[in-house]
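Work through these exercises with the sequence and the model side by side. Try each task before you read its solution.

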Amino acid sequence: MNNDYRKGLIAFKEGRFQDAINIFTVLIEINRNDATVWHALGASYAKINKIPEAYNCILFSTRIEPDNKKFQKSLSIITKKLENFTKTTEYKENYIEKQKKEKVKAYESLGKGIVYIILFLFVI
């Protein structure tokens, strides 16, 4: 086991997930075909809730080592999280869009109200 890989695992176990990501990313640049490092990178991303990034890394690890049961199990778990993440993101986007439309309606109503007040004041 590579000494830098151990450093990444220690950072992960200590909860320093961004440090682990940085270490594993450097290791990937050195050897793009190391499924174990891809898996560790994906697990690190998952810990900081970067689910799409985690999914991509873990998926890549399973493509390198398709028979690895641990990687397959992780892929199954992260796929479910990605589905939930996607649904949550869509919900948030829909909510934000709805809020924008309601604000526009409120401003339109406010504008009409001001016009009515001005007309009322000038008519009286």
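**Exercise 1. Place Ser44: which helix holds Ser44, and is Ser44 buried or exposed?**

Step 1. Ser44 sits in helix H3, residues 35-47. Helices (H or I, at least four residues) and strands (E, at least two) are DSSP runs, numbered from the N terminus.

Step 2. This is a predicted model, in which local features need pLDDT of at least 70 and side-chain atom pairs count only at pLDDT 80 or more, while totals for chains, interfaces and linings use all residues. Residues are numbered from 1 along each chain as its sequence is written, and side-chain values use heavy atoms, with hydrogens and water left out.

Step 3. The relative accessible area of Ser44 is 0%, so Ser44 is buried. (Buried means under 20% relative accessible area, exposed over 50%, partly exposed in between, with a 1.4 Å probe and protein chains only.)

**Exercise 2. Find the residues that Ser44 is in contact with, leaving aside neighbours within four places in sequence.**

Step 1. Contact means heavy atoms within 4.5 Å.

Step 2. Ser44 is in contact with Phe12, Phe17, Ala20, Ile21 and Phe24.

Step 3. Take Phe12. Phe12 and Ser44 are 32 residues apart in sequence. In space, their C-alpha atoms are 6.7 Å apart.

**Exercise 3. Describe how H2 packs against H3.**

Step 1. Two packed helices are described by the angle between their axes and the distance between the axes.

Step 2. Helix H2 covers residues 17-30. H2 and H3 pack at about 155 degrees, and their axes are 9 Å apart. (Axes are lines fitted to C-alpha atoms, for helices over the stretch in contact; angles run from 0 to 180 degrees between N-to-C directions.)

Step 3. H2 and H3 are therefore roughly antiparallel. (Angles under 35 degrees count as roughly parallel, over 145 as roughly antiparallel, 65 to 115 as roughly perpendicular and the rest as oblique.)

Step 4. List the partners. In H2 they include Phe17, Ala20, Ile21 and Phe24. In H3 they include Leu41, Ser44 and Tyr45.

Step 5. The residues of this contact of H2 with H3 divide into 11 nonpolar, two polar and one charged. (Ala, Val, Leu, Ile, Met, Phe, Trp, Tyr, Cys and Pro count as nonpolar, Asp, Glu, Lys and Arg as charged, and the others, Gly among them, as polar.)

**Exercise 4. Now describe H1 against H2.**

Step 1. Helix H1 spans residues 3-13. The axes of H1 and H2 come within 7 Å and cross at roughly 160 degrees.

Step 2. That angle makes H1 roughly antiparallel to H2.

Step 3. Phe12 is among the H1 residues here, and Phe17, Ala20 and Phe24 are among those of H2.

Step 4. The residues of the contact of H1 with H2 divide into nine nonpolar, one polar and three charged.

**Exercise 5. Where is His39, and what does His39 touch?**

Step 1. His39 lies in helix H3. Its relative accessible area is 9%, so His39 is buried.

Step 2. Not counting residues up to four places away in sequence, His39 touches Ile58, Ser61, Lys70, Phe71 and Ser74.

**Exercise 6. Check the phi of Asn49.**

Step 1. Most residues other than glycine have a negative phi.

Step 2. Asn49 is not a glycine, yet its phi is positive, about 65 degrees.

Step 3. Asn49 lies in the loop between H3 and helix H4 (51-64). Asn49 is exposed, with a relative accessible area of 52%.

**Exercise 7. Sum up the protein chain: how many helices and strands are there?**

Step 1. The chain has five helices and zero strands.

Step 2. Buried residues make up 25% of its 124 residues.
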